[in-house]
Amino acid sequence: MKLRGLYAITDSQLLAGKFLSYVEAALEGGVTLLQYRDKSSDEARRLREAEALRDLCERYKTHLIINDDAELAARLNVGVHLGQTDGPLTPARALLGRQAIIGSTCHAQLELAKQAAKEGASYVAFGRFFNSSTKPGAPTCSLELLDQARSTLHLPICAIGGITLENAAPLVAHGVDLLAVVHGLFGAESTAEVTRRARAFNELLKI
Ligand SMILES: Cc1ncc(COP(=O)(O)OP(=O)(O)O)c(N)n1
Ligand SMILES: Cc1nc(C(=O)O)sc1CCOP(=O)(O)O
Ligand SMILES: [Mg+2]
């Protein structure tokens, strides 16, 4: 499966009161992967929102990915993104099946990415590349690491962390397939601006 394009990630605080309208605006502009990222422990809300996103994604033929929670992903028959402390990949692959999209956070460590590839990851994510208001404490990653990853790995490479339309071009030039974005997409003043940004991110990846 070709995974290349905009990877939109939701943020419950940023999208409070405009959750579905902003997500739909992004989908209008084109989203390859949509990640539901909610760090709360409100299980009922998480299920409700994830179901709503699954229905929206079906309409727009976009892949939904659940952050952190392989069980919820299995319940909805969608993909999952796992960080280094979110549980191992192998059982998640067994739970979700061969076709499921499973992503792995590899920070700035090529060895983690090689291991994730061995364990059946569908893509590997490196970051953060820039200052991030969503996750300011995430470890930093360099463009050189992307060069090494591109020449070593045969998986789609995702970049994350502070990505905006203004700073994303070098990431693409260094081999990134997926631009994962929260604030640079959803921190917009209107749904029209979210759609414009989504289109513009996709244009950057058309090379
Ligand atoms: C595409 C993508 N890349 C990295 C992350 C970060 O995952 P993790 O390190 O588990 O941190 P949290 O997002 O769970 O706080 C991600 N979610 N998505
Ligand atoms: C969730 C997340 N993980 C990161 C990592 O480096 O692993 S950076 C990050 C936040 C991404 O949001 P924004 O686009 O607003 O910076
Ligand atoms: Mg996580």
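## Surroundings of ligand 2

Around ligand 2 there are 13 residues, and those that come closest are S132, T134, G162, V182 and H183. This description rests on a predicted model, and the values given here are computed from its atoms.

Several of these closest residues also make polar approaches to the ligand. From T134, a polar side-chain atom lies 2.4 Å from an oxygen atom of ligand 2, while V182 places a backbone N or O atom 3.0 Å from an oxygen atom of the ligand. In H183 a polar backbone atom is again involved, with an oxygen atom of ligand 2 lying 3.0 Å from it. Taken on its own, ligand 2 has 420 Å² of accessible area, of which the protein covers 94%. The space that ligand 2 takes up is the largest pocket.

## Surroundings of ligand 1

Ligand 1 has 15 residues around it, of which R37, K39, D86, T105 and K135 come nearest. Polar side-chain atoms reach oxygen atoms of this ligand from several residues, including K39 at 2.6 Å, N67 at 3.1 Å and D68 at 2.9 Å.

The protein covers 91% of the 420 Å² of accessible area that ligand 1 has on its own. The space taken by ligand 1 is, like that of ligand 2, the largest pocket. Among the elements of the fold, strand 1 (5–9) and strand 7 (157–160) are those that give two or more residues to the shell around ligand 1.

## The magnesium ion

Which residues of the protein act as donors to the magnesium ion, ligand 3? They are D68 and D86, each through an OD atom, and these donors lie 2.0 to 2.2 Å from the ion. D68 belongs to the loop between strand 3 (63–67) and helix 3 (70–76), whereas D86 belongs to the loop between strand 4 (79–82) and helix 4 (89–96), so the two donors tie together parts of the chain that are 18 residues apart in sequence.

Are these two residues buried or exposed? D68 is partly exposed, because its relative accessible area is 22%, and partly exposed residues are those between the limits of 20% and 50%. D86 is also counted as partly exposed, in this case at a relative accessibility of 26%.

## Where the sites meet

Both magnesium donors recur in the description of ligand 1. D68, a donor to the ion, has a polar side-chain atom 2.9 Å from an oxygen atom of ligand 1, and D86, the other donor, is one of the residues that come nearest to ligand 1.

Key. Residues numbered from 1 in each chain as written. Chains lettered and ligands numbered in written order. Predicted model: local features only at pLDDT ≥ 70, side-chain atom pairs only at ≥ 80, totals over all residues. Heavy atoms only, no water. Donors = N, O, S within 2.8 Å, 3.2 Å for Na, K, Ca; no water. Helix = DSSP H or I, 4+ residues; strand = E, 2+ residues; numbered from the N terminus. Buried < 20%, exposed > 50% of the residue type's maximum accessible area, 1.4 Å probe, protein only. Near = heavy atom within 4 Å. Polar contact = N/O pair within 3.5 Å; in protein donor to acceptor, adjacent residues only side chain to side chain. Areas by Shrake-Rupley, 256 points an atom, 1.4 Å probe, with all protein chains shown as cover. 1 Å grid on protein atoms, 1.4 Å probe; cavity = no way out; pocket = protein on both sides within 12 Å on 5 of 7 lines; lining within 4 Å. Sits in = over half its atoms within 2 Å of the grid points.
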